[in-house]
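Reader: I would like a close look at one part of this model and at whatever it touches. Please give the cut-off behind each term, since I will want to recompute the values.

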Amino acid sequence: LKVDLRPSQLLGSATPRDWFASAVADLGALLSDHLHCERKAAENALALVRRYPQHPGLVGALTRLAHEETSHLVQVASVMEQRGIAPRRDTPNHYARQLLALVRPHDPQRLLDSLLVAAFIEARSHERLNLLADGFGETKDVELAGLYRSLGGAEERHARLFLELAAPLVTAADLASRVADLGKREAEIITALPVTSRIH
Ligand SMILES: [Fe+2]
Ligand SMILES: [Fe+2]
C-alpha cells in the first residue's frame, strides 16, 4: 500500500463546472472570503510552528509558507483596493470547521491529522482557484485570471509540502489509510455544502 503524494490525486470528488457562475455572483463576497482564506492559511502555519517546533523541518517549511500566504494576502487586498471593493468581515467556514473537527485530540495523531487536513484544504483550494482562473479567462478578466492561475499553482505546492511533513510520522500503510479516510470525508463535506460566493 503506497500513498500517492500528488495533490491532484487527493480529492475524492470534482467541483462541477457551473460552480464558477455561483462563485462570482457576488465578487465582493468571493474576494473577501479569499482574503480571509489566505489569512487563515498563514495563521494556521504559524499555529503549527507554535505547537510543533520540534518536528523535523517544520519550522523552516511553515514559516516560509506563512510568509508566502501573507504575500498572497497582500495581492488579494491590493486587487480589492484597486477595484474599490471593501473587504468584509470573515464568516464561518463550515468546510474547514468540519474538516478540523476530524483532527484527533492527542499526539502523535493530532499533528498527523492537522498536516493532512491542511493538505486537503490546499488541494481543494488548488482545484477551486484553477476553476476561477479558467472562468475569469473566459470572461476576459485577464488580471483575475492571472492572479488565480498563479495562486492556484502555489496551493498545489503547499498540499505537497503538508503531505511531505506528515509522511515521516507513520508507516506508509497508515498514511495511505488515513489519507483515504480523510479524502472520503472531505468529498462528503464539500459536496453537502451550499454553493455560494466563497472559495469553499
Ligand atoms: Fe495562498
Ligand atoms: Fe496555500
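Author: What follows looks at helix 5 (109-138) and its partners, and ends with a metal site on two neighbouring elements of a shared pocket lining.

The model is predicted, so local features are given at pLDDT of at least 70 and side-chain atom pairs at pLDDT 80 or more, while totals for chains, interfaces and linings use all residues. Residues count from 1 along each chain as its sequence is written, chains are lettered from A and ligands numbered from 1 in written order, and side-chain values use heavy atoms without hydrogens or water.

Start with the open space. The largest pocket (on a 1 Å grid over the protein atoms alone, an open set of points where a 1.4 Å probe fits, with protein on both sides within 12 Å along at least five of seven lines) holds about 580 Å³. Its lining (residues with an atom within 4 Å of a point) has 31 residues, with Lys40, Asn44, Ala96, Leu100 and Ile121 nearest the centre. Helix 5 is among the elements (helices are DSSP runs of H or I, at least four residues, numbered from the N terminus) that give two or more residues to this lining, along with helix 2 (27-51), helix 3 (58-82), helix 4 (94-100) and helix 6 (142-166). The greatest share comes from helix 2, with 10 residues. By type, the lining has 15 nonpolar, seven polar and nine charged residues; here Asp, Glu, Lys and Arg are charged, Gly counts as polar, and Tyr, Cys and Pro are among the nonpolar.

Helix 5 also takes part in the second largest pocket, whose volume is about 210 Å³. That pocket has 16 lining residues, and Arg128, Ile190, Thr191, Leu193 and Val195 are the closest to its centre. Both helix 5 and helix 7 (172-192) give at least two residues to this lining. The division is eight nonpolar, five polar and three charged.

Next come the charged pairs. The structure has 19 salt bridges, each a side-chain nitrogen of Lys or Arg within 4 Å of a carboxyl oxygen of Asp or Glu. One of them joins Glu186 and Arg124, with N to O at 2.9 Å. Glu186 is in helix 7 and Arg124 in helix 5, so this contact spans 62 residues of the chain. Both ends are buried (under 20% relative accessible area; over 50% is exposed, in between partly exposed; 1.4 Å probe, protein chains only): Glu186 has 0%, and Arg124 has 0% as well.

Further along helix 5, Asp134 pairs with Arg149 at 2.6 Å between the closest N and O atoms. Since Arg149 belongs to helix 6, the pair connects parts 15 residues apart in sequence. Asp134 is partly exposed, at 26% relative accessibility, and Arg149 is partly exposed too, at 41%.

For a bridge inside a single helix, take Glu188 and Lys184, whose closest N and O atoms are 3.5 Å apart. They sit four residues apart in helix 7, about one turn of the helix. Glu188 is partly exposed at 36%, and Lys184 is exposed at 57%. Shared partners also join Arg17, Asp134, Glu138 and Arg149 into one salt-bridge network.

Helix 5 carries an aromatic contact point as well. There are two aromatic pairs, meaning rings of Phe, Tyr or Trp (its six-membered ring) with centres within 6.5 Å, stacked if the planes are under 30 degrees apart, edge-to-face if over 60, tilted otherwise. Phe20 and Phe136 form an edge-to-face pair, because their planes stand at 85 degrees with the centres 5.2 Å apart. Phe20 lies in helix 1 (residues 19-23) and Phe136 in helix 5, so the pair ties together parts 116 residues apart in sequence. Phe20 and Phe136 are both buried. Phe136 and Tyr148 are stacked, because their planes are at 15 degrees and the centres 5.9 Å apart. Tyr148 is in helix 6, so this second pair connects parts 12 residues apart in sequence. Tyr148 is buried, like Phe136. Together the ring pairs link Phe20, Phe136 and Tyr148 into a cluster.

Last, the metal site. Glu38 (OE), Glu69 (OE) and His72 (ND1) coordinate the iron ion (ligand 1) at 2.0 to 2.3 Å; donors are N, O and S atoms within 2.8 Å of the metal (3.2 Å for Na, K and Ca), and without water sites may look incomplete. Along the chain the donors are spaced as E-x30-E-x2-H. The iron ion (ligand 2) is 3.5 Å from the iron ion (ligand 1), and Glu69 coordinates both. Glu38 is in helix 2 and Glu69 in helix 3, so the pair ties together parts 31 residues apart in sequence. Glu38 is buried at 1%, and Glu69 is buried at 0%.

Conventions
Grid points are joined across faces, edges and corners, and a volume is the space filled by probe spheres set on the points.
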